[in-house]
Amino acid sequence: MASMNWNSKSTISFTFVNAALCLLLVLHFTTTCEATLSSKFYDKTCPNAISTIRSSIRSAISRERRMAASLIRLHFHDCFVKGCDASILLDDSSTFTSEKNALPNRNSARGYELIEDAKAKVEKICPGVVSCADVLAVAAREASLAVSGPSWTVKLGRRDSTRAYPDVANTDLPGFTENLDRLISRFGGKGLSARDMVALSGAHTIGQAQCFTFRNRIYSNTSDINASFARSRRSRCPAAVTQGSSNLAPLELVTPNSFDNNYFKNLIQKKGLLQSDQVLFSGGSTDSIVSEYSKNSARFRADFAAAMVRMGDIEPLTGSAGQIRRVCGAVS
């Protein structure tokens with residue numbers, strides 16, 4: 001065999017270096033892939049996790065149907081504050097203040113105990129495996145199904161935060177009096193489109209709101225509210241701010257406990273209970289989407305499901321970030 005010249009050695013050397021780099025890249029991307037969300041994340045480590053959560057949530061909603069709306073809202077309020085990391089479930093501690101006391105959540109966010117109960121049942125079969133963030137994400141899907149709403153594939157593998165962010169909750173969660181441009185901007189900041197925003201707002205086809213959130217609207221006598229609708233809402237919501245502020249009214253009057261597209265039909269009739277609902281159909285850029293959903297329930301359901309998946313992708317903690325809490329209300 002002929003002796004190897006310098007160029008041959010260089011070629012072989014380069015080949016070995018290149019192969020090593022490729023191996024490093026493979027290892028890197030494998031690790032990255034393993035740290036992404038997947039609907040099959042618990043298939044081997046806790047195969048009965050989803051069915052356990054489903055059973056727990058369905059049982060709870062059968063006792064109080066309104067809880068379906070509360071659980072969907074809880075997932076939304078979690079994801080919009082530093083991502084879907086169950087930070088909203090943490091109680092006050094010596095090192096941080098709970099998000100439960102932030103203005104958008106105080107005395108209104110509900111369902112914490114249902115998530116805690118579902119998590120406890122999962123802990124019995126798979127200790128320290130399934131995150132509270134994933135329990136909440138699955139609970140939102142099961143809540144939708146329990147009231148005849150759409151289903152979607154829940155991606156899993158989120159981990160739990162080790163602190164709460166009440167200040168971020170106060171600044172990042174949409175308000176009930178915000179205008180359309182502000183709402184579009186808020187959702188856009190989370191990677192969600194205006195269409196996603198309208199679809200997700202359709203969750204207000206179920207659930208209820210407290211008087212203080214719509215008092216100004218029903219007594220305003222403005223052109224963007226149906227006069228007879230406003231009068232009917234006043235019976236349970238006095239004008240005086242010292243009276244009835246926590247009284248409840250359904251966000252959608254026709255079928256308040258069923259997931260359908262009547263919410264959008266109401267907006268076209270100027271019967272949106274919250275100002276932040278009615279601005280979706282007020283001569284602005286989202287009017288056409290509201291109109292479409294009011295006529296096409298299947299399109300609304302499909303878009304809602306897709307938007308819930310995208311919302312569930314907001315800044316999840318994965319891999320070695322965060323932790324798996326044993327109890328959702330406290331850092332492990």
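Is Gly83 buried or exposed? Select Gly83 and check: at 1% relative accessibility it counts as buried. Keep in mind as you click around that this is a predicted model.

**The whole chain**

Start zoomed out. Colour by secondary structure and you should find 14 helices and two strands. The chain has 332 residues, and 46% of them count as buried. Now think about contacts between residues at least 6 apart in sequence: 75% of these join residues at least 24 apart.

**Stop 1: helix α3**

Select residues 67-79, which make up helix α3. The helix has 13 residues and runs 18 Å from its first C-alpha to its last, close to the 18 Å expected at 1.5 Å a residue. Turn on a surface for the rest of the chain and α3 mostly vanishes under cover, with twelve of its 13 residues buried. The buried set includes Met67, Leu71, Leu74, Phe76 and Asp78.

What do the buried residues of α3 pack against? Show α2 (49-63), α4, α5 (132-146), α7 (180-188) and α14 (297-312), and you have the neighbours.

**Stop 2: where α3 meets α4**

Hide everything but α3 and residues 112-125, helix α4. Two packed helices are described by the angle between their axes and the distance between the axes. Here the angle is about 80° and the axes are 10 Å apart. Angles of 65 to 115 degrees count as roughly perpendicular, and α3 and α4 are therefore roughly perpendicular to each other.

Now show side chains at the contact. From α3 you want Met67, Leu71 and Leu74; from α4, pick Tyr112, Glu113, Leu114 and Ile115. An α-helix has 3.6 residues a turn, so residues three or four places apart point the same way. Bear that in mind when you look at the three α3 residues, Met67, Leu71 and Leu74. By type, the contact is six nonpolar residues, no polar ones and one charged.

**Stop 3: the binding site around Asp78**

Next, select Asp78, Val81, Gly83, Asp85, Ser87 and Glu99, which an unreviewed UniProt entry lists under "binding site". These positions are spread over 22 residues of sequence but cluster in space, with a largest C-alpha distance of 13.2 Å.

Centre on Asp78, which sits in helix α3. Asp78 is buried, with a relative accessible area of 0%. Leaving out residues up to four places away in sequence, Asp78 touches Gly83, Cys84, Asp85, Ala86, Ser87, Ile88 and Leu136. Gly83, Asp85 and Ser87 appear in the UniProt list too.

Hop back to Gly83, in the loop between α3 and α4. With the same sequence neighbours left out, Gly83 touches Asp78, Ile314 and Glu315.

**Stop 4: the Thr205, Thr255 and Asp260 trio**

Clear the selection and pick Thr205, Thr255 and Asp260, where UniProt (unreviewed entry) also places the feature "binding site". They span 56 residues in sequence, yet no two of their C-alpha atoms are more than 7.9 Å apart, so they gather at one spot.

Thr205 is in the loop between α8 (194-201) and β1 (208-210). At 0% relative accessibility, Thr205 counts as buried. Show what Thr205 touches beyond four places in sequence: Glu252, Thr255, Pro256, Ser258, Phe259, Asp260, Asn262 and Tyr263.

Asp260 is in another loop, between β2 (248-250) and α11 (262-268). Asp260 is buried as well, with a relative accessible area of 16%. Its contacts beyond four places in sequence are Thr205, Glu252, Thr255 and Phe300.

**Stop 5: Ile225, Asn221 and Lys270**

Last, go to the loop between α9 (211-218) and α10 (227-234) and select Ile225. Ile225 counts as buried at 8% relative accessibility. Add Gly272: it is 47 residues away along the chain, but the two C-alpha atoms are separated by 7.5 Å. Ile225 touches Arg217, Ile218, Ala230 and Lys270, not counting residues up to four places away in sequence.

Which backbone angle stands out at Asn221? Asn221 has a positive phi of about 55° although it is not a glycine. Asn221 is also in the α9 to α10 loop, and at 64% relative accessibility it counts as exposed.

Finish on Lys270, in the loop between α11 and α12 (275-278). Lys270 has a positive phi too, about 65°, without being a glycine. At 39% relative accessibility, Lys270 counts as partly exposed.

Technical notes:
Residues numbered from 1 in each chain as written. Predicted model: local features only at pLDDT ≥ 70, side-chain atom pairs only at ≥ 80, totals over all residues. Heavy atoms only, no water. Axes fitted to C-alpha atoms, helices over the stretch in contact; angles between N-to-C directions. Helix = DSSP H or I, 4+ residues; strand = E, 2+ residues; numbered from the N terminus. Parallel < 35°, antiparallel > 145°, perpendicular 65-115°, else oblique. Contact = heavy atoms within 4.5 Å. Nonpolar A, V, L, I, M, F, W, Y, C, P; charged D, E, K, R; others polar. Expected span 1.5 Å × (residues − 1). Buried < 20%, exposed > 50% of the residue type's maximum accessible area, 1.4 Å probe, protein only. UniProt positions renumbered as here; feature names shortened; annotations may be inferred.
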